[in-house]
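Reader: I'm new to this one, so could you walk me through it?

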Amino acid sequence: MPSIRFLHTSDLHLGKRFGRFAEETRMALLQARQEILARLAKLAQAHDATHVLIAGDMFDTETPSDRVQRQALAAMAAAPKLQWWIIPGNHDSGAAEPLWASLRSHLPENVHLLMTAEPVQMAPGVTLLPAPCSHRFPGQDLTAWMDECETGDNALRIGLAHGGVLEFGSSAVGGGDSAETISPQRAQAARLDYLALGDWHGRFEVNPHTQYSGSPEPDRFKHAGRGQCLLVELAGAGQAPLVQPIETGQYHWQEVALDLTPETDPEAAITGLLPPERADWRYHLMLMRASGWVTPPQRLALEQAVGRYAPEFCHLELDLSAVGTEHQAGDLDLIARGGALRVAAQELMQAAEDPALAEQDRRAASAALNRLFAYTQDDGDGGERA
């Protein structure tokens, strides 16, 4: 009876630009993403896996640079004992003919581009049933053909697809409720021993035979932690797969909630959320999403605390957009006790608290007052005035 062990991964998004981040962070994330294929190869070899399945979106766009393409092929070629099996996803769909033609012209012998929905023999007694994305929005469940595909008795059947799976009859993981949504019963209907899916960037188990690997190197705060792939072992046709998540990501992504009140100690609030291993901060991207109410001095202290720690992180961000400011008369004294600044501060405070104004206008006035407060407390060297 045939058996096989392989890595299941997806959504590498090679060439992603990370435009919202500062240049140093962008370059670090780009480099980590470009190195992920080499890390996957080492993990496969360490766990005696002889195949790597990439379930779509290997590239972030349909027009990755020649450098991104060639370095990806070189990384896979550097592990000649591994067989790489790749389908197009929605970001790098089969409609991108120049991309796939360019890849084919430099293709190593151990890399297989699966551009058509037809069975392929991965190994003796093991058949791979790919469902490549022919277009960004295919308009149909591309795995439906697997139900009628015959592969012989006792053959292991592995599906490889990219898209959303309908869950609970109304919402989808990795996609939407539409004609192109993959049936959650596909593995059962098509007699698949395993259906390797891509499109959802976090690990998700639809059922023991149908799983999303998630991205091996995350690119957003939505999916916390470091990326991972799945080590899958199929001992025989009809048997439950053995699936083991393996950490692959170099960078750890984390979004945390920060609840604030006018009694909050800003320094303690910030330090209480920081990761315990300081030496590891350079591999962390952290978004502190704050809510509640603070005073202007608190807001300034929060921003200054984050500013002190941020250089030790790959990225550290404090989002105060949902935080209200409780302005007090004493705050105005810290801005100015008289003169034009005091008049301006009073007018802004009145506007921020005026119920007759639109919410957007009150928020704008509050933000302006916060900025004025921070400006007057700055001594020019990033600290507060005495």
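Reader: Leaving aside its neighbours within four places in sequence, which residues is Leu37 in contact with?

Author: Happy to start there! This is a predicted model, where local features need pLDDT of at least 70, side-chain atom pairs count only at pLDDT 80 or more, and totals for chains, interfaces and linings use all residues. Residues are numbered from 1 along each chain as its sequence is written, and side-chain values use heavy atoms, leaving out hydrogens and water. With contact meaning heavy atoms within 4.5 Å, Leu37 touches Leu12, Leu14, Ile54, Met58, Ala72, Ala75, Met76 and Trp84.

Reader: Which element gives the largest share of the largest nonpolar core?

Author: A nonpolar core is a set of buried (under 20% relative accessible area, 1.4 Å probe, protein chains only) Ala, Val, Leu, Ile, Met, Phe, Trp, Tyr and Cys residues joined through side-chain atoms within 4.5 Å. The largest one has 32 residues, and Leu37 is among those with the most contacts inside it. Elements giving two or more residues include helix H3 (66–77) and strand S3 (83–86). The largest share, six residues, comes from H2.

Reader: Which strands stand at the edges of the open sheet?

Author: Strands here are DSSP runs (E, at least two residues), numbered from the N terminus, and two of them pair if DSSP finds at least two bridges between them. Six strands form the open sheet, in the order S4-S3-S2-S1-S13-S14, with mixed pairing. Each edge strand has a single partner, so one side is left without a neighbour in the sheet: these are S4 (111–113) and S14 (242–247).

Reader: Which residue in S14 stands opposite Leu231?

Author: Strand S13 covers residues 228–234 and runs antiparallel to S14, with six bridges joining the two. Opposite Leu231 stands Gln244.

Technical notes
Helix = DSSP H or I, 4+ residues; strand = E, 2+ residues; numbered from the N terminus. Buried < 20%, exposed > 50% of the residue type's maximum accessible area, 1.4 Å probe, protein only.
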